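Trainee: Could you take me through the core of this structure and its packing?
Mentor: Look at it first, then ask.

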Amino acid sequence: MLVQNNNHIRNRIILGIFTAVFAIIIIQLLNLQLFSPKYKIQAENNAILRKVQYPDRGIIYDHHGRAILQNVVNYDLVVTPSESRKGVDTALLCRILNIDTAEYNKRMLTAIFKNTRFKPSTFEPLLTQELYAQLNENLYKFPGFSLQERPVRSYPYHCGANFLGRVGEVSADYLKKNPDGGYQAGDYIGLTGLEKQYETILMGQRGVTRSLRDNRGRPQGSYANGEFDTVAVAGRNIYTSIDIKVQQLGEKMFQGKIGAAIAINPKTGGIIAMVTAPTFDPNDLSPAEYRKHIEFLATDTSGPMLNRAVTGRYPPGSTYKPVGALIGLDEGLITPASGYPCLGAYYGCNTRIRCDEHWAGHADNLKLAIANSCNSFFCNLFKNTIDNPKYGSPRKGYAAWRNYMHGFGFGNPLGIDIAGEKGGNIPDTTIYNEAYGPRWVGCNMVTMGIGQDKMLLTPIQSANEACIIANKGWYYTPHFVDSLEHQSDDDTVYLAKYHIKHEPLHISDADYRTVQQGMEDVTEVGTAQNVSIPGIKYAAKTGTAQVPHLKNLAVFIAYAPADNPKIAIAVYVENAGYGATWAAPIGARMMEQYLNDTLTDDSQADVDRLSKVNLFPPQIYEWRRKKDSLKQVQLREKAKEIDSIAMAKHDDSLRVAATQKEKKLPHDTDSHNHLSPVIINEDKKTSSSPAREKRK
Amino acid sequence: MNQQEQLTKGIDWIFVLLYAILVCTGILCIFMVEYNPDINWAASFISGKTEYSKQLIFAGVSAILAIFILLSDSKLYTAFANLLYLFGIFLMFLTFAIGKNVNGSRSWIPLGGGFNLQPAQLCTIFTSLALSKYLSMQDLDFTKVRSQIIAAAIALFPALISIMQNETGLAIVYFAFFIPMYREGLPGWILVVGFSFAFLVVATLIMEPNTLAIILTVIAAVSVYFLRKKIKRSKSLLAFIIGIWILCVGIQRFAVPYIFNDVFQCYQSTRIYAMVGKTYDCSQNRHAINREENNKSISKPDDYNVRQSKIAIGSGGLLGRGFLKGTQTRGKYVPEQQTDFVFTSLGEAFGFAGCSIFLMIYLFILYRIVRIAERQRSSFSRVYAYCVAGILLLHITINICMTIGLFPVVGIPLPLVSYGGSSLITFTILIFILIRLDADRQMVLR
């Protein structure tokens, strides 16, 4: 009985054990449920599928409301490597995508390398319709993979690649620098041109929907009834001043040529067309086509990716002369009645500078001198401008002249709304101090008066010059974008600077009128008398600049109609000949298209004629041929290496291979010779040229 | 009328109510796991293909069984206890012949129609009865070591068979019978030694072998220092301390590594190590080495189950996500969630508050059973009640500890809640025999 009593207390001990065990469980539950927030996060990572909805990117319209580009929906196959370590039916995936396992592993490694294993990366971009269907059907067999909707640009007019720019995957570098930009790896962003400049307008706001998914990644309905979802806001459209027909026409006429053309509405500064040549179809660099074309476009010696209209630096040639005349008039060095007794050459600086006209009286007054583009007249005028006794020394005279140049927008970037604009070159005096010592005079650089020597302009500066003359002294900074959809006060950052009227020089209207009359005469009795716009009187100036190794650079500036200018244009054609022969017709047809919105049959025939002419310098074909053969040689060498390994057992064949290698060697070494980059680097092209001006 | 009154007389209705609550909770939990918003649940419920509707059928079967038991005569159980025990052992041996392999253990007998029976589980009832019968023998003196050993043998023999069936989880449950034995007079030090041993094993897993050896040595040295006067009087105490020290170091140095490397399968060792937050190197495991030599790939179970289970419970927070709103449950992230891991759906849906209430129900049941036990006149009923309490406690503890990462994953269901006819019916029988016995507490049964 004593034992029984003793045992009787034991029920309390047993109850104590029960309580203790439950206490331990409760403590662990406390720990898990209340003091370990990590489980909540892990649960969300497990179960919540965050799907980003890409809004439609804004459309870019031309002046007549035509869409220059469109959005097309594509799908990307996206992978999150950390979630696809197990259970992926690799064989099936490889079969669908038609790749091998090595490629699969390679892409996986690339994805991890690019965006870490926890963030989604593109595995196969831009799927075709059937690929999309196949993958969508089997997606549950590929954990960690998903299909990402992706609007892609397409360009129905196949032109304007140089200023539209392109969109592409945002770089890791950009993401690092702009962590708050709202971009994730794999997102598309405007990389160049207008797409880049107006990225924030065009991109809109991405929407995020959260949905539940099960252990195999299959969706299971929305999370929290969509409480945390955000709606995608479409990007805003952009309305530009481009006339896509003019652009198309310009690019057509520039086929097989190198150069640029820019048309600006002088009243607003809006760019009507910006042609650069050679160029490419913007569709070729859409993400799906990118890999196919980028190598050629990026490495070809003709530089199709260059936007020559804003980066090309060309000697303006005779198209500088109206500006020279304006400076002379403003400084009081000449009057409209001033003339120069030119008989075919200028001897004022102890050298002979040829003038194309040699009949007496072709430069009897300023209007005639402009219309006939008399070199002697303008060399003399330039010399007098620099050596102007008013300033005391040529140095000060030069400084005053340089000031005028800046006033005309030369020498510095104008500030248009795409990146990469160059400033041209209006050298300061140091370069002459170095070249001629401290005692130089106007004669040392007299060919500057006919737009040669070290003077370099970008085509857009020339077009702007035409605007200034057309407007009698003022201009708006050239720009593409007229207005934005739903424009608000926040957008002034973008557009305000293009609504400021620039009038840096106060040259009198009478002076401008004189020069305008001279330019009008150019089209009627002067150098461009053979080039007309049906039904429209216009004013122009042709130019022909000499360039080493190549045929002359043809230049043309104009505005039309002469009495009420609606379009101003500048055209540069490399390796062409006379400005009136090559540049003027191109400019005239573009202006005709813009003003009449159509072309006459004659003009159409002229366009067809121009578009068929090939003015590529032979050097480019030479370069291409060399590059190709170099590639061929390398390929052959490689193939031979493999062969020689295979045949290494036979001594004979080895010897043959060795001799063949020797034969190929000289070919290999000379391929880099004399590749003086005349085309790529416009700088060199003219700076050392023995400056002479031809005129027609 | 009179007879009906007699039948229901003495039945502990509170206990029956708690039982019903748990079974209903279980069906709700399984419903939560199976629920899919895209499928009309009413239709799938009626079609009877889903597991919660099956569980409802099992619950109906259990109810009928319960009524039968309540209608039966309690003398039956005392009379047939030993016979049933032998039958249970027979069934367990039968599995070796016609057993079905489920998740790597041959412990199931197929009954046809998709139903399986796990004799090891059923045998807990029979063992309880047999142990009660043995301990309630009138001429038994449980203070004798011999009778203690016999009682332990009765309790642990099915466990041994269970281990042979590769069903370690249920074998552990048989250690529940030490609770009634302790209540009936098993010396307390056995439990203390048992706990110390467990503590030592865990310490071995967690600590560096050398560090632990030094700590053990320091403890021994300190106790020698404090007991130095007593040691002067009797040298045997010193020998005892040194003996204990050698034993501990021996276990820590040789026994535990031997068991983990040579006795346990690779996956078992991995699970136990994972529980204490360590990784086990399978290349040390003899079984793994053998298998590798036989050119078979090593099965590498990771702690996926426990990790997902902890995430599901941990994401519940204080109040949980709400009924049918658990993302982890809906996404089926926790494997075996309707059976062994059913607690996770509860933890996610109702959070800490819900879990606490749920655990309180269990604790209340255990208290209730102990109370029932202590009010019995017959020692058979008392021992049986403690057997039930012990079995429930071990099931609950092991199952919940396994879902919250305090115990290695073994296949032990949560009593009355987990999906599975075998386990529900077993616990129903176990509990209702107790209720029947309790109802007859006024009768002197012996």
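Trainee: Which helix gives the largest share of the largest nonpolar core?
Mentor: This is a predicted model, where local features need pLDDT of at least 70, side-chain atom pairs count only at pLDDT 80 or more, and totals for chains, interfaces and linings use all residues. Residues are numbered from 1 along each chain as its sequence is written, with chains lettered from A and ligands numbered from 1 in the order in which they are written. The core has 131 residues, and A:I262 and A:I569 are among those with the most contacts inside it; a core joins buried Ala, Val, Leu, Ile, Met, Phe, Trp, Tyr and Cys through C-beta atoms within 7 Å, buried meaning 20 or more other C-beta atoms within 10 Å, all placed from the backbone. Nine residues, the largest share, come from α21 (579–596) of chain A.

Trainee: Between which domains does this core lie?
Mentor: Both domains of chain A in question give residues to the core, so it lies between them. By an automatic or database assignment of bounds, they are domain 2 (48–240) and domain 3 (245–612).

Trainee: How are α10(A) and α22(A) oriented to each other?
Mentor: Helices here are DSSP runs (H or I, at least four residues), numbered from the N terminus. Residues 244–253 and 601–612 of chain A form α10 and α22, whose axes are 7 Å apart at an angle of about 50°. Axes are lines fitted to C-alpha atoms over the stretch in contact, with angles from 0 to 180 degrees between N-to-C directions. Under 35 degrees is roughly parallel, over 145 roughly antiparallel, 65 to 115 roughly perpendicular and the rest oblique, so α10(A) and α22(A) are oblique.

How values were computed. Helix = DSSP H or I, 4+ residues; strand = E, 2+ residues; numbered from the N terminus. Buried ≥ 20, exposed ≤ 12 C-beta atoms within 10 Å, placed from the backbone.
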